[in-house]
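Visitor: I would like a close look at a single part of this protein, one helix and what surrounds it. Please take me through it in one go.

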Amino acid sequence: GVSEEDLVNRDFSDFVHPDDRGRLLHALQSADVGGAEPGQEYHLLRENGPPRVIIHWYSGPWTVFRELLDLGCHFTVGAAVLRSEHARRLAREVPADRLLTETDNPGAWEWMTGAPGRPSLLLEVAGRVAECRGVPVDEVRRTVRENFARLGGGDPAFQRALRHEEA
């Protein structure tokens with residue numbers, strides 16, 4: 001894979017095929033205002049295996065969501081699932097093997113409600129995801145942990161985080 005240092009010091013567009021960078025940037029800017037163009041295909045550069053892409057707090061069009069799924073992307077479902085039908089639909093539609101949870105704390109909850117975010121919000125997020133999917137919360141927690149471990153592969157930082165969670 002790509003080293004942590006390489007990831008930190010490189011722009012995300014470095015991982016997109018040069019022929020597609022302009023179209024991707026245009027599509028991302030358009031998606032931000034709700035007008036992404038459907039039917040775009042982006043060739044993520046692969047270095048030593050398939051890319052590990054996590055889409056954070058997706059709120060764009062469903063046509064783009066399907067394209068991102070086709071590329072193998074994972075999606076986070078965060079605090080918005082407690083307030084937004086779009087986020088609840090995302091929680092239902094992300095395949096189990098691509099599902100991750102997050103809180104985007106402390107800012108997201110405060111931005112949405114005015115109250116400060118807190119780590120325990122992740123438990124509420126997992127509970128609402130489970131409700132949306134019609135499964136027990138323990139299944140969501142297990143699925144997310146397995147996905148996180150698989151995404152991390154041999155990455156030492158991921159492995160440390162997983163060991164910390166088990167403690």
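Guide: What follows is an account of helix α6 and its surroundings in a predicted model.

First, the setting. The protein has eight helices and three strands, and from the N terminus on they are arranged in the order α-α-β-α-β-α-β-α-α-α-α. Of its 167 residues, 35% count as buried. Among contacts between residues at least 6 apart in sequence, 53% join residues at least 24 apart.

Helix α6 covers residues 121-133. Two of its residues, V129 and L122, can be taken in turn. V129 lies in α6 and has a relative accessibility of 0%, so it counts as buried. Leaving aside neighbours within four places in sequence, V129 is in contact with V77, V81, A91, L99, T101 and V140. V77 is 52 residues from V129 along the chain, yet the two C-alpha atoms are separated by 7.8 Å.

L122 is also placed in α6. Its relative accessibility is 34%, which is why L122 counts as partly exposed. Not counting residues up to four places away in sequence, L122 touches T101, E102 and T103. T101 is thus among the contacts of L122 and also among those of V129. From L122 to A79 the distance is 7.7 Å, C-alpha to C-alpha, with their positions 43 residues apart in sequence.

Next comes the contact of α6 with helix α4. Helix α4 is made up of residues 85-93, and its axis comes within 8 Å of that of α6, crossing at roughly 65°. That angle makes α4 roughly perpendicular to α6, because 65 to 115 degrees counts as such. The crossing is right-handed. On the α4 side the residues involved are R88, A91 and R92, and they meet R128, V129, C132 and R133 of α6. By class, this contact has three nonpolar, no polar and four charged residues.

V129 also belongs to a wider group. The largest nonpolar core has 30 residues, and V129 is one of those with the most contacts inside it, along with Y58, F65, F75, V81 and L90. At least two residues of this core come from each of α3 (62-70), β2 (74-77), α4, β3 (99-101), α6 and α7 (137-152). The largest share, six residues, is supplied by α6.

Two other members of that short list, Y58 and F65, lead to the region around α3. Leaving aside neighbours within four places in sequence, Y58 is in contact with V64, F65, L68, F75, H86 and L90. Of these contacts, V64, F65 and L68 are among the buried residues of α3, which also include W62, E67 and L69. The buried residues of α3 pack against β1 (54-55), β2 and α4.

Two backbone details belong to this region. In the loop between β1 and α3 is W57, where phi is near 55°, a positive value in a residue other than glycine. W57 has a relative accessible area of 23% and is therefore partly exposed. Just after α3, G72 takes a positive phi of about 95°.

To return to α6: the helix meets α4 through R128, V129, C132 and R133, and six residues of the largest nonpolar core come from it.

Notes: Residues are numbered from 1 along each chain as its sequence is written. This is a predicted model: local features need pLDDT of at least 70, side-chain atom pairs count only at pLDDT 80 or more; totals for chains, interfaces and linings use all residues. Side-chain values use heavy atoms; hydrogens and water are left out. Axes are lines fitted to C-alpha atoms, for helices over the stretch in contact, and angles run from 0 to 180 degrees between N-to-C directions. Helices (H or I, at least four residues) and strands (E, at least two) are DSSP runs, numbered from the N terminus. Angles under 35 degrees count as roughly parallel, over 145 as roughly antiparallel, 65 to 115 as roughly perpendicular and the rest as oblique. A crossing is left-handed if the near helix is turned anticlockwise from the far one by less than a right angle, and right-handed if clockwise. Contact means heavy atoms within 4.5 Å. Ala, Val, Leu, Ile, Met, Phe, Trp, Tyr, Cys and Pro count as nonpolar, Asp, Glu, Lys and Arg as charged, and the others, Gly among them, as polar. A nonpolar core is a set of buried Ala, Val, Leu, Ile, Met, Phe, Trp, Tyr and Cys residues joined through side-chain atoms within 4.5 Å. Buried means under 20% relative accessible area, exposed over 50%, partly exposed in between (1.4 Å probe, protein chains only).
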